Each structure stands twice: as C-alpha cells, then as structure tokens.
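Here are a few exercises to work through with the model open in your viewer. Try each task yourself before you read the solution.

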Amino acid sequence: GSCLRLFGGVRALVGTVDEAVQPLAFSFQLAAAPTPLAAEWLAQQGEPVFCTRPARLPGYLEKLPVTVLPRRAAEALQRFGVATLGEARRLPAAPLARRIGAEALQRIARAYGEVPDLRAEFVFPERFALTLPLPAVVEHAAALLFAARRLTSALSGWLALRQIGVRQAVLHLRHEHEAGETPLVLRFAEIIADEARFERVLRERLERLELVAPVDSLCLEASEVAPLPGCSGTLFNDPCAESGGMGALLERLGARLGEDKVFRVAVQDDHRPECATRRTPPDGDSPSLPPVSLPRPLWLLEAPEALREVDGRPWRRGPLELLAGPERIESGWWESGEKRDGKEAPGDLRRDYFIARSADERRLWIYRDVRAPGGWFLHGYFS
C-alpha cells in the first residue's frame, strides 16, 4: 500500500517498471497480484493483469490452466478432466493431495494467500561484477555498445542502492574459442553514478577500438568505488551551472585522445624549472607545498631558446632590458639521465635568471648559463 501511494497507483508503478526495463531489450511480461506466486502465474499468461485487492484475486486465479503447477501435478489433473485451478479447487482436498502431491496443493494455497509465501531475503552483492553472454559473436567493437547498455544500467542501479559512486570500471571483452580477453579500462574524472556518463565514455572508447578477435561475452566490473561527494544544487535550475561539466569534458577527451594525453599539472618540490611540476591524473591528489616567493612565468618553453648577445646584452628582435635579477638556480648535480614525465631530466645546472622586457613590451624569463660555453637563453613568458 505504501508503494502504491508513493508511485501514484498500480498503473503508474507498472509504467515506471516498464519504462526502466524497455531500454535493456529484455522480453518480459508484467502483472500485479497480492501474492508473489499469483503475480508470477498471471504474468506467464501474457495478458497484463493488475489485481491489488485480495478479495478479487480468486476470480483471476480460477481461470488459470493447471499447467502453472509442476508438470507431474498438471498431467495428473488433466488425466481426469481438470483443466483450470478453479476446477481443481472444487475437488476434496485430501483425495486431491494424494493424486497431485501435498507440495502442489501447498503452491495453490500460497498463490491464493491462504498460507504465507515465505521467500529468501535478497542479499545485495557487495561487489559489482556482471557477465553478459552475447547471442552471437561480435567482430566490431562499436557494435558492443548496445549489449553493454545492460551492464551500465545494472551498474547504475547497484551504485544507487549502495549510495556510492565509481571512479574506475573495467569492461572485459572476452573472445571466442578461449582466445583470451581485452580489458577496457573506463576511468572517470570524478566519482560518479550517472548511467549517461558511463555510456558516453564507453561509446568513445569502443568507436576507436580494433578487436583482436571476435567477442562472445562481456563482463563489467566496478574496480574502484567510493562514497559520492555532496554537491550543491542551483537556485534557478541554470543549465550552465550544472555540476560535473568539467569532469564529463575530461572523460570525453581522455576517451578520444587517450588517458595519457589528459593530465593535471601538480607542483613538485624541485628548484629546477623543468622539474618543478609533474603530470598527474585529472583526479589525482598533489602534495601541498609552500608557494614560491619569487615570480615565475605562466608559460615555460618546451626547450630553452638560445639568444644572441650584442654588445654584452641579450638580444631578441632588439635589445632586452633587464628588470630584475639575477636569481641563481644551481641544482641537480646528483641526477643525470633520469626520466621525468617521459623526458630526460636536465641534471646538473647552474643558471642566473633575469626578468627582461623585450622591444614589443613582453616580459620574458631569461637566464645566462654559468657553465661553459655559457650564453643567454629564453625560458618562459609572463602573462
């Protein structure tokens, strides 16, 4: 009764269930009854029946064929001319039990609500890992999206009931003839439980994937889950203020360009400009470091640009005016040939840095290399 009031009646409740199941492409029949076994039997008939009043239930059940009972009981009833449950109920109980068995008679009583229909309590799984066999092998990755919707929909429901979100999921593409599997890692920019974002990231990844062998089954696993963070709603439902916009953008870029192409720049405890920052995942944590007191440019060049020296002054499209400096940076003598973010670290360096102004009024960060052969170099631009 409480659920019916919450959803606005049995028709509205059935409509909600129908709307949720339709996109999953299942074949299903809907029915409602005061007892679970009666609802199951009514649904098996193929005609939608929605009975919520116990007093009206016998009228529906009496018309059902005896084939809803176990096969041996149904065949025994049919042999002496009983075709419906109503006809079976009119027979004396003791002789009927001897002919069809006490268990079949108990099932009829449970369906009519005359005895309790005790069901095992559903234990919700602590871990999500769902496998879906495909009706036919699939040779193109993009064609797997339709089947994968069943898995992402189930994942969304599992997260909603657990009141948690997922940061990373893995879709295992299992190939036919025991040819192994291809794990497809779906990493999200933030902890989410949104089915639409699951599907959007999955579509981007599948459209760019070439299968090594045909796929005959899928398995979706939630590998990293965490409590959902709280969020503030908007006062006037402003679509531009929707939360999660940046996270969705990062996920789409990562799916299209590759996870290694989308990253965040984090501060690193190193005096050398080339090593003062590092790449981290968009959702990674970075240590809090004290801010640098001296000015640093917003744009650091990939490699320092050599400058001319004219009459003892650095030159770039005209003479450069030195505004501040020098600031000596001397570090890295212990490091040689090591890799940082896929590039070789600068190792030992000794430089005097200056803030300079160019002829076109741009502020530059330049340095003079103290080591031989020396020279001036442009290393960055101030905004």
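**Exercise 1.** Work out the strand order of the open four-strand sheet in this predicted model, and find its edge strands.

*Solution.* Start by tracing across the sheet: the order reads S3-S6-S4-S5, and the pairing is antiparallel. Next, look for strands that pair on one side only; these are S3 (129-138) and S5 (181-192), the edge strands. Then check the twist: ignoring direction, neighbouring strands here are turned by 20° against each other on average.

**Exercise 2.** Take strands S4 and S6 and say how many bridges join them.

*Solution.* Pick out residues 164-175 for S4 and 215-227 for S6; the two run antiparallel and share 11 bridges. For a spot check, go to Ala 169, whose bridge partner in S6 is Ala 222.

**Exercise 3.** Which strands does helix H9 touch, and which does helix H10 touch?

*Solution.* Take H9 (residues 145-162) to begin with: it packs on the sheet and touches S3, S4, S5 and S6. The direction of H9 makes about 25° with that of S6. Now move to H10 (residues 195-207), which also packs on the sheet, touching S4 and S5. Against S5, the direction of H10 makes about 140°.

**Exercise 4.** Is Leu 249 buried, partly exposed or exposed?

*Solution.* First, locate Leu 249 in helix H11 (residues 245-257). Its relative accessibility is 43%, and partly exposed covers the range between 20% and 50%, so Leu 249 counts as partly exposed. Finally, look at its company: Leu 249, Leu 253 and Leu 257 make up a nonpolar surface patch, together giving about 260 Å² of accessible area.

Key: Residues numbered from 1 in each chain as written. Predicted model: local features only at pLDDT ≥ 70, side-chain atom pairs only at ≥ 80, totals over all residues. Heavy atoms only, no water. Pairing = 2+ DSSP bridges. Axes fitted to C-alpha atoms, helices over the stretch in contact; angles between N-to-C directions. Contact = heavy atoms within 4.5 Å. Patch = residues over 30% accessible without salt bridge, like charges linked within 9 Å, V, L, I, M, F, W, Y side chains within 5 Å. Areas by Shrake-Rupley, 256 points an atom, 1.4 Å probe, with all protein chains shown as cover. Salt bridge = Lys/Arg side-chain N within 4 Å of Asp/Glu carboxyl O. Buried < 20%, exposed > 50% of the residue type's maximum accessible area, 1.4 Å probe, protein only.
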